[in-house]
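Reader: I should like to learn how the features of a model are read, one at a time. May we begin with the structure itself?

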Amino acid sequence: VIKCKAAVAWEAGKPLSLEEVEVAPPKAHEVRIKIVATAVCHTDAYTLSGADPEGCFPVILGHEGAGIVESVGEGVTKVKPGDTVIPLYIPQCGECKFCKNPKTNLCQKIRITQGKGLMPDGTRRFTCKGKQIYHFMGTSTFSEYTVVADISVAKIDAAAPLDKVCLLGCGISTGYGAAVNTAKVEPGSTCAVFGLGGVGLAVIMGCKIAGASRIIGIDINKEKYAKAKEFGATECISPQDFKKPIQEVLVEMTDGGVDYSFECIGNVGVMRAALEACHKGWGVSVIVGVAAAGQEISTRPFQLVTGRTWKGTAFGGWKSVDNVPKLVTDYMSKKIKVDEFVTHTLPFDKINEAFELMHTG
């Protein structure tokens, strides 16, 4: 058993608490990882807020991390102690019908236990003050050591800077993949990206790499526009500057609508606007943001009858074990940006400040 620091969420709506936790050794087909760096994501904040129907407490959150394998359980063959890895919230077992289907990346092998905050055998590896602590998204990167299933680990280039590539565990991969895998953005196309946070910026980067000629960023926070343009946005607009709905503005700006739109917020009203901003006959709108529990999307069916497509994406459509190492390689060879997504680097004990920074945009 390893004793280390972890940021524990004891209950919903309260700040994280830095505690000493005990991390049990890995069982069969499990890997214990020394986490070197972790990022914060709106999904962590969403669960912490209490709005997540799958949220269970007390829990160690975090799902954008990178580290070094400390030890492995029986039967683990893909990684060994000392390997540099990124934990994966969408695993890749290679055996389930989802993994065998090229159309999806949603491995279902451990989905049920993962959703309940448990390891695949139905138990937990974290203890704090005599209480068992739940796992989160199969990763729990807000701990100096964590235990994950062996199908939830990608072995990456040992030379990669872990304080940067941890972002490939969720945000950057999600946005970039939404553009290149899910939408399959084409050269010369016009795109609209709603929400200019980390995921939105990654979508913009993907649209630019795919050769889009016009990329319109949409956000009510104008302080984000300069960064969006750095990543490839050709122009940025705020819905608050117009009297008419933003979809009507975009349809007028683009002679009938955009070829591709992306919702990167998790707001069902914006999801509708993103679809309706698409061009009749061929426009494709991709939902990237996660809406709160119980919310529903709506539009007039005529929007779809007249040739628009509504799609969703999780982790950018990447089959995780296969593709995360390739994304790291693409970063190392400067094909994709990663460093530019990092705005602040804080010590672990200031993790609550990191959440505040994220909430203030």
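Reader: Which residue stands opposite Lys131 in S8?

Author: One should first note that this is a predicted model. The residue opposite Lys131 is Cys128. The two belong to a wider pattern, since strand S7 (residues 126–128) pairs with S8 in the antiparallel sense over three bridges.

Reader: In what order do the strands of the open sheet lie?

Author: A sheet is read strand by strand, from one edge to the other. Here five strands follow the order S4-S1-S2-S7-S8, with antiparallel pairing. Strand S4 (59–60) and strand S8 (131–133) are the edge strands, and each of them pairs on one side only.

Reader: How is the packing of helix H5 and helix H6 to be described?

Author: One considers the angle of the axes, their separation and the residues in contact. Helix H5 (residues 171–183) and helix H6 (residues 198–209) pack at about 40 degrees, and their axes are 7 Å apart. An angle from 35 to under 65 degrees is neither roughly parallel nor roughly perpendicular, and H5 and H6 are therefore oblique to each other. The crossing of H5 past H6 is right-handed. On the H5 side the contact includes Ile172, Tyr176 and Val180, and on the H6 side it includes Val199, Met205 and Ile209. By class, the residues of this contact comprise eleven nonpolar, four polar and no charged.

Reader: Why are H1 and H12 classed as roughly perpendicular?

Author: The class follows from the crossing angle. The axes of helix H1 (residues 42–49) and helix H12 (residues 351–359) cross at roughly 105 degrees and come within 11 Å. Because angles of 65 to 115 degrees count as roughly perpendicular, H1 and H12 are placed in that class. His42, Asp44 and Ala45 of H1 meet Phe355, Met358 and His359 of H12. Three nonpolar, two polar and one charged residue make up this contact.

Reader: Is the peptide bond from Phe57 to Pro58 cis or trans?

Author: The omega angle settles the matter. For the bond from Phe57 to Pro58, omega is near -5 degrees, and the bond is cis. Pro58 lies in the loop between H1 and S4.

Reader: What is the phi of Asp255?

Author: Asp255 has a positive phi of about 55 degrees, although this residue is not a glycine. Its place is the loop between helix H8 (246–253) and strand S14 (260–263).

Reader: Which residues does UniProt list for the domain?

Author: An unreviewed UniProt entry lists residues 198–326 as "domain: Alcohol dehydrogenase-like C-terminal". Over residues 198–326 the chain is 37% helix and 16% strand, with the end C-alpha atoms 20 Å apart.

Notes:
Residues are numbered from 1 along each chain as its sequence is written. This is a predicted model: local features need pLDDT of at least 70, side-chain atom pairs count only at pLDDT 80 or more; totals for chains, interfaces and linings use all residues. Side-chain values use heavy atoms; hydrogens and water are left out. Two strands pair if DSSP finds at least two bridges between them. Helices (H or I, at least four residues) and strands (E, at least two) are DSSP runs, numbered from the N terminus. UniProt positions are given in the numbering used here, feature names are shortened, and annotations may be inferred rather than shown by experiment. Axes are lines fitted to C-alpha atoms, for helices over the stretch in contact, and angles run from 0 to 180 degrees between N-to-C directions. Angles under 35 degrees count as roughly parallel, over 145 as roughly antiparallel, 65 to 115 as roughly perpendicular and the rest as oblique. A crossing is left-handed if the near helix is turned anticlockwise from the far one by less than a right angle, and right-handed if clockwise. Contact means heavy atoms within 4.5 Å. Ala, Val, Leu, Ile, Met, Phe, Trp, Tyr, Cys and Pro count as nonpolar, Asp, Glu, Lys and Arg as charged, and the others, Gly among them, as polar.
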